[in-house]
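Here are my notes on the model you sent. They are numbered so that you can reply point by point.

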Amino acid sequence: MSTVMLDVDQQRQERLARLAQSRTSASSGTPATRSTRRHPAKASRITALALSVATTVGLSYFFASADHVAATSAATLDPTASPANASSGSGTGVAAAAASPPAAGGTGSGSFTGSTVSTRFGPVQVSITVANGQLTDVTAVQTPGGRSRSVAINAAATPVLRQEALQAQSATIDTVSGATYTSTGYVQSLQSAIDQARSAGVITTA
Amino acid sequence: MTSLWWYLARSSGIVATVLIAATLGWGLIFSARGTGRRLRPAWWLDLHNWLGGLALAFTMVHVVTVVADSDLGIRLVDVIVPGTASYRTMAMALGVVAFELVALVTLTSWRPLKARLTLRVWHAIHLASVPAAVLTGLHAYQAGTDATRAAFKLGLAVLAGAAVYPAALRVLGLRRSRPA
């Protein structure tokens with residue numbers, strides 16, 4: 001019986017010693033051990049982490065759906081065009097112009113600059129010149145120039161796109177194989193410029 | 001699949017930029033003793049440390065996704081050594097330097113490493129968080145695919161403005177504490 005009482009006393013003493021030690025370390029400001037470290041902002045930490053992850057996922061989904069919507073609404077892309085060239089990239093990462101009837105008729109003249117289209121490798125923007133209701137010139141105001149490869153691709157692609165636009169007298173043109181991003185950005189910006197010309201009454205549809 | 005990397009790179013870059021600005025602002029408010037009475041300084045410091053770690057984590061995600069995107073053609077060395085990228089060389093260089101500064105500031109504040117530094121040395125390294133944030137903003141403006149969007153520009157302007165207030169708080173606090 002006395003042995004049991006001694007054991008209980010000993011355990012009690014040990015517990016009291018541990019409690020005193022933890023109180024002493026807390027009051028003297030010594031760093032808490034890893035097991036007793038507290039995070040005063042624990043709830044805020046979790047909130048910040050959840051918000052960051054949710055925002056990343058949400059933004060990714062937004063970018064993907066925006067590109068998907070733009071790509072599926074495009075009627076001007078040639079479905080047989082080859083997107084295989086890796087130098088300019090391929091896929092559905094660039095918005096494309098909506099279909100529009102060919103510009104025809106009208107007697108106005110003027111210059112119109114289309115909207116800037118963000119592509120994977122940089123912005124694309126074109127301006128058009130209209131004389132007597134006809135497209136007479138298409139100029140690439142901005143093309144991706146972040147790397148020499150893009151510059152080379154665009155130098156080859158933009159004259160082809162310009163020629164096609166002048167022949168079609170609209171944004172209904174084929175993409176240039178190997179320059180998919182530039183082509184689709186070009187088409188969208190061109191469509192924007194044509195829409196402005198149409199709004200100004202310079203170009204009227206047939 | 002390459003498009004997925006591109007979307008993640010853009011979104012993680014935007015989130016990392018916001019986190020870096022938030023961490024800087026939080027730290028400046030805390031060091032200026034502008035935490036007010038409602039929330040304890042321990043809460044501010046704890047959240048500041050956490051935001052710094054999150055900022056580094058999302059910056060790492062951004063770097064990994066950019067390298068993983070094969071269409072961009074960015075190599076591992078391009079995100080380590082500034083000035084070696086062929087894609088938007090200057091903008092990439094700014095981003096690489098910003099990333100390395102953020103990593104340096106965050107890792108030296110990690111308890112095991114911080115214990116090995118003197119307070120003066122740690123503080124001097126920690127001041128690099130300010131140029132890190134500035135370079136991050138410049139990188140986002142120059143290299144970001146979304147930099148042409150008005151909403152993106154507005155967001156960057158708001159972040160810059162939100163960082164100026166605590167910076168002013170800190171500078172004014174320094175001036176008041178100096179002897180006449």
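**Notes on the predicted model**

1. Burial in chain A. Of the 206 residues in chain A, 35% are buried. This is a predicted model, and the burial figure is computed from it.

2. Layout of chain A. Chain A holds four helices and four strands. Along the sequence they come in the order α-α-β-β-β-β-α-α, with two helices before the strands and two after them.

3. Contacts within chain A. Among contacts in chain A with a separation of 6 or more, 66% join residues 24 or more positions apart.

4. The contact between the chains. How many residues does each chain give to the contact? Chain B supplies 28 residues and chain A supplies 26 residues. On the side of chain B that touches chain A, the elements giving two or more residues are α1 (2–31) and α2 (41–68) of chain B. The largest share of that side, 11 residues, is from α1(B). Sorted by class, the side of chain B that touches chain A has 14 nonpolar residues, along with seven polar and seven charged ones.

5. Helix α3 of chain B. This helix covers residues 89–108. Its 20 residues should span 28 Å at 1.5 Å a residue, and the end C-alpha atoms are 28 Å apart, so the expected span and the model agree.

6. Burial along the same helix. Which residues of α3(B) are buried? They are B:Met92, B:Ala93, B:Leu94, B:Gly95, B:Val96, B:Ala98, B:Phe99, B:Leu101, B:Val102, B:Val105 and B:Thr106. As background, residues three or four places apart in an α-helix point the same way, because there are 3.6 residues a turn.

How values were computed:
Residues numbered from 1 in each chain as written. Chains lettered and ligands numbered in written order. Predicted model: local features only at pLDDT ≥ 70, side-chain atom pairs only at ≥ 80, totals over all residues. Contact = placed C-beta atoms within 7 Å. Nonpolar A, V, L, I, M, F, W, Y, C, P; charged D, E, K, R; others polar. Buried ≥ 20, exposed ≤ 12 C-beta atoms within 10 Å, placed from the backbone. Expected span 1.5 Å × (residues − 1).
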